[in-house]
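Trainee: I've got a model open and I'd like to learn how to read it piece by piece. Can you walk me through it?

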Amino acid sequence: MFGARCLLRALRSCSSAPCPRHRPAARVSVRGALGVQNANGERVTVQGWIRSVRSQKEVLFLHVNDGSSLESLQVVADSSFDSRELAFGSSVEVQGQLVKSPSKKQNVELKAEKIEVVGNCDAKAFPFKYKERHPLEYLRQYPHLRCRTNILGSILRVRSEATAAIHSFFKPSSKIKVPEENFFNIPVFLTVSGQLHLEVMSGAFTQVFTFGPTFRAENSQSRRHLAEFYMVEAEISFLESLQDLMQVMESLFKTTAMTVLSNCPKDVELCHKFIAPGQKDRLEHMLKNNFLIISYTEAVEILKQASQNFTFTPEWGADLHTEHEKYLVKHCGDIPVFVINYPRALKPFYMRDNEDGPQHTVAAVDLLVPGVGELFGGSLREERCHFLEQRLARLGLTEAYQWYLDLRRFGSVPHGGFGMGFERYLQCILGIDNIKDVIPFPRFTHSCLL
């Protein structure tokens with residue numbers, strides 16, 4: 001590398017000449033070090049894992065990464081530091097001076113004064129090899145190690161940023177986050193939603209949300225399903241129209257995506273470049289266009305007129321399957337589309353009756369997105385006590401849901417809410433085909449490795 005000999009002379013002069021007492025080296029992250037604009041010999045300590053080693057006759061180059069960024073920090077050291085322990089995957093602590101790099105590939109580099117190997121790594125036995133791009137299917141075999149790869153590191157940083165963006169989206173409006181209960185002294189079941197709890201809270205706080213793990217014992221090993229996944233759920237009081245609810249859903253989708261693109265550009269770029277070519281343009285297309293709205297009845301007619309042969313024949317009163325959802329999105333120009341007003345028989349008891357005659361629909365809404373299908377599901381809730389009493393009686397649930405009827409008896413208001421599958425959202429913005437690759441430890445039927 002250019003300037004290596006000059007740097008070597010500086011390193012040797014530092015090691016041979018008596019040095020004045022150093023100020024304690026400040027501990028910084030790799031991301032923090034890379035962000036320094038005018039490095040001037042600040043003494044720092046960096047801890048992380050070696051991503052590459054390059055030894056020349058007189059100079060040793062290491063790239064160290066601590067997970068805080070996709071980029072690694074280049075460490076430059078005297079060749080006397082070289083040893084077999086400085087191998088790909090080994091953990092190290094490096095102390096030295098942060099200086100401006102003579103190379104155009106990076107802004108700064110760390111001139112090492114001390115390198116300590118914290119943990120050795122047998123590079124030959126390590127399942128991931130330097131400079132080898134492993135398929136995601138291969139990485140899935142090593143759930144305990146795959147987070148150390150560039151691609152999983154990028155996905156998980158995006159996941160973290162999206163999580164923060166979702167909390168930030170709800171925070172400005174003084175929405176209350178509701179914790180999910182996890183300790184009981186009565187028989188309970190794994191929750192599939194926090195919605196009913198949110199409805200309780202929406203009787204005192206006009207806007208509430210929850211964001212946490214959800215469990216479903218669905219016997220599926222598809223690319224879209226997990227037994228444990230994360231859900232974002234919100235409930236809004238004094239909300240009287242599906243249009244208002246859909247505005248919140250669309251805003252959440254776009255605001256979170258824009259934040260991720262702004263704060264994790266290189267991580268997103270890595271996924272789009274190597275995992276999902278063309279996804280960048282598809283995402284931009286989604287973000288710049290208003291989401292479309294069609295009724296369930298219109299959706300069924302579109303499917304009936306399609307030239308495509310479906311495994312499940314579309315008909316009014318039947319559920320929309322994944323093949324139907326993806327076709328509808330394609331039909332709408334690969335723009336996310338809201339499907340509203342579903343048959344009452346397809347939806348849970350708490351959705352608001354549209355009182356629309358023989359078809360009998362409820363004010364329900366699903367958001368379908370490219371590559372995934374259903375991402376959001378929501379509805380206006382039935383706030384009218386007599387409607388709810390009648391429906392619970394037909395289902396034989398009156399006794400079990402007396403507490404729910406109380407919410408309507410005492411100060412009921414029009415309200416609605418939605419849920420969004422967080423892993424599916426990450427699939428959508430990153431273009432990741434398999435949901436098992438956007439969660440740290442995928443758990444699904446017949447598989448719970450960790």
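**Reading a buried aspartate and its surroundings**

Mentor: Let's begin with one residue: Asp-437 is buried, with a relative accessible area of 2%. Keep in mind that this is a predicted model.

Trainee: Where does Asp-437 sit along the chain?

Mentor: Asp-437 belongs to the segment after helix H13, which covers 422-430.

Trainee: And which side chain does the side chain of Asp-437 make a polar contact with?

Mentor: That would be Arg-140, with a polar contact of 2.8 Å between the two side chains. Setting aside neighbours within four places in sequence, Asp-437 also touches Leu-136, Arg-146, Leu-152, Ile-155 and Ile-432, besides Arg-140 itself.

Trainee: Let's stay in the segment after H13 and look at Pro-442. Is Pro-442 buried or exposed?

Mentor: Pro-442 is buried, at 12% relative accessible area, because the cut-off for buried is under 20%. Pro-442 also shows how sequence and space can part ways: Leu-226 is 216 residues away in sequence, yet the C-alpha atoms are 7.0 Å apart.

Trainee: What does the whole chain look like in those terms?

Mentor: Among contacts between residues at least 6 apart in sequence, 67% join residues at least 24 apart. The protein chain has 450 residues, and 48% of them count as buried. As for secondary structure, there are 13 helices and 14 strands.

Trainee: On to the helices. How do I read a helix pair?

Mentor: Two packed helices are described by the angle between their axes and the distance between the axes. Take H4 (residues 150-170) and H6 (residues 242-263): their axes come within 9 Å and cross at roughly 135°.

Trainee: Why would you call H4 and H6 oblique?

Mentor: Roughly perpendicular runs from 65 to 115 degrees and roughly antiparallel starts over 145, so an angle of roughly 135° leaves H4 and H6 oblique to each other. The crossing of H4 with H6 is right-handed.

Trainee: Which residues of H4 and H6 meet?

Mentor: On the H4 side you have Val-158, Glu-161, Ala-162, Ala-165, Ile-166, Phe-169 and Phe-170. They face Val-248, Ser-251, Leu-252, Thr-255, Thr-256, Thr-259, Val-260 and Asn-263 of H6. Sorted by class, the contact of H4 with H6 holds nine nonpolar, five polar and one charged residues.

Trainee: What are the angle and axis distance for H4 and H7?

Mentor: H7 spans residues 265-274, and it packs on H4 at about 125° with the axes 9 Å apart. That angle makes H4 oblique to H7. The crossing of H4 and H7 is left-handed. H4 brings Asn-150, Ile-151, Ser-154, Ile-155, Arg-157 and Val-158, while H7 brings Asp-267, Val-268, Leu-270 and Cys-271. That gives six nonpolar, two polar and two charged residues in the contact of H4 with H7.

Trainee: Now bring H13 back in. How does H4 pack with H13?

Mentor: At an angle of about 115°, with the axes 11 Å apart. H4 and H13 cross in a right-handed way. Their contact uses Ile-155, Val-158, Arg-159, Ala-162, Thr-163 and Ile-166 from H4, and Phe-422, Glu-423, Leu-426, Ile-429 and Leu-430 from H13. The class split for H4 with H13 is eight nonpolar, one polar and two charged residues. Notice Ile-155, too: this H4 residue is in the contact with H13, in the contact with H7, and among the contacts of Asp-437.

Trainee: What about backbone torsions?

Mentor: Most residues other than glycine have a negative phi, and most peptide bonds are trans. Against that background, Asp-334 has a positive phi of about 60°. Asp-334 is in the loop between helix H10 (322-331) and strand S11 (337-343), and is partly exposed at 25% relative accessible area. His-360 also has a positive phi, of about 55°. His-360 lies in the loop between S11 and strand S12 (361-369), and at 27% relative accessibility it counts as partly exposed.

Trainee: One last loop residue: is Ser-101 buried or exposed?

Mentor: Buried, at 7% relative accessibility. Ser-101 is in the loop between strand S5 (91-100) and strand S6 (108-119). The Ser-101 side chain makes polar contacts with the side chains of Gln-106 at 2.9 Å and Glu-109 at 3.1 Å.

How values were computed. Residues numbered from 1 in each chain as written. Predicted model: local features only at pLDDT ≥ 70, side-chain atom pairs only at ≥ 80, totals over all residues. Heavy atoms only, no water. Axes fitted to C-alpha atoms, helices over the stretch in contact; angles between N-to-C directions. Helix = DSSP H or I, 4+ residues; strand = E, 2+ residues; numbered from the N terminus. Parallel < 35°, antiparallel > 145°, perpendicular 65-115°, else oblique. Left-handed = near helix turned anticlockwise from the far one by under 90°. Contact = heavy atoms within 4.5 Å. Nonpolar A, V, L, I, M, F, W, Y, C, P; charged D, E, K, R; others polar. Buried < 20%, exposed > 50% of the residue type's maximum accessible area, 1.4 Å probe, protein only. Polar contact = N/O pair within 3.5 Å; in protein donor to acceptor, adjacent residues only side chain to side chain.
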